[in-house]
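Hello,

Here is the structure I promised to pass on. Please open it first, then read my notes below.

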Amino acid sequence: MITREHGTWAMLLVPLLVGLGLGERWSWALPLFALASLALFLARYPLSLVFRSYLGRRTQSGRERLWLALYSALALALGLPLLIFWRPWWLLALGALAGVSRQMWNYVSPEGQSNSVLTPFTVTV
């Protein structure tokens, strides 16, 4: 299960690839971070579908939970060594804040407008 929003791929991959390409030092933390970020990005779509089914805005097929579990397990497997060896604990707080604000926007937005032009501004605030 992959998101149908083609613009979000560019918003994820372009800064990530530019940062990897322009970085002065290379370490094993970089591919771990890139792949864990990709797995978390992929988990975002099934998470929003599961969240909406709990709100009663859509029916749940069960596939969403499976993909959410797979993507989350992959993110954990890739991110755990990053957290253990390089200790960027502040990333957990930043990611949790971004995830909570995104899901809050899904809760308050009308159906079909969760990915409107206002979404990045609302999530940032």
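This is a predicted model, so start with confidence, which pLDDT scores for each residue from 0 to 100. The mean pLDDT of the chain is 79. Of its residues, 82% reach 70 or more. Among the elements, helix H3 (residues 63-86) has the highest mean pLDDT, at 91. Helix H5 (residues 119-124) has the lowest, at 56.

Next, the overall layout. The chain holds five helices and zero strands. Along the sequence, the pattern reads α-α-α-α-α. Of the 125 residues, 31% are buried.

Now look at H2, residues 29-55. Does its length fit its residue count, and why? H2 has 27 residues, and at 1.5 Å a residue they should span 39 Å. The end C-alpha atoms of H2 are 38 Å apart, so the two values agree. H2 also bends, by about 30° at arginine 44. A proline, proline 46, follows within four residues. After H2 comes glycine 56, with a positive phi near 85°.

Then find tryptophan 26. It sits in the loop between helix H1 (6-22) and helix H2 (29-55). Is tryptophan 26 buried or exposed? Its relative accessibility is 56%. Exposed means over 50%, so tryptophan 26 counts as exposed.

Trp26 also belongs to a nonpolar patch on the surface. The other members are Trp28, Leu76, Leu80, Ile84, Phe85 and Trp86. Together, the patch residues have about 870 Å² of accessible area.

Best wishes

Note on methods
Residues numbered from 1 in each chain as written. Predicted model: local features only at pLDDT ≥ 70, side-chain atom pairs only at ≥ 80, totals over all residues. Heavy atoms only, no water. pLDDT = per-residue confidence, 0-100. Helix = DSSP H or I, 4+ residues; strand = E, 2+ residues; numbered from the N terminus. Patch = residues over 30% accessible without salt bridge, like charges linked within 9 Å, V, L, I, M, F, W, Y side chains within 5 Å. Areas by Shrake-Rupley, 256 points an atom, 1.4 Å probe, with all protein chains shown as cover. Salt bridge = Lys/Arg side-chain N within 4 Å of Asp/Glu carboxyl O. Buried < 20%, exposed > 50% of the residue type's maximum accessible area, 1.4 Å probe, protein only. Expected span 1.5 Å × (residues − 1). Bend = angle between axes of the 7 residues up to and from the residue.
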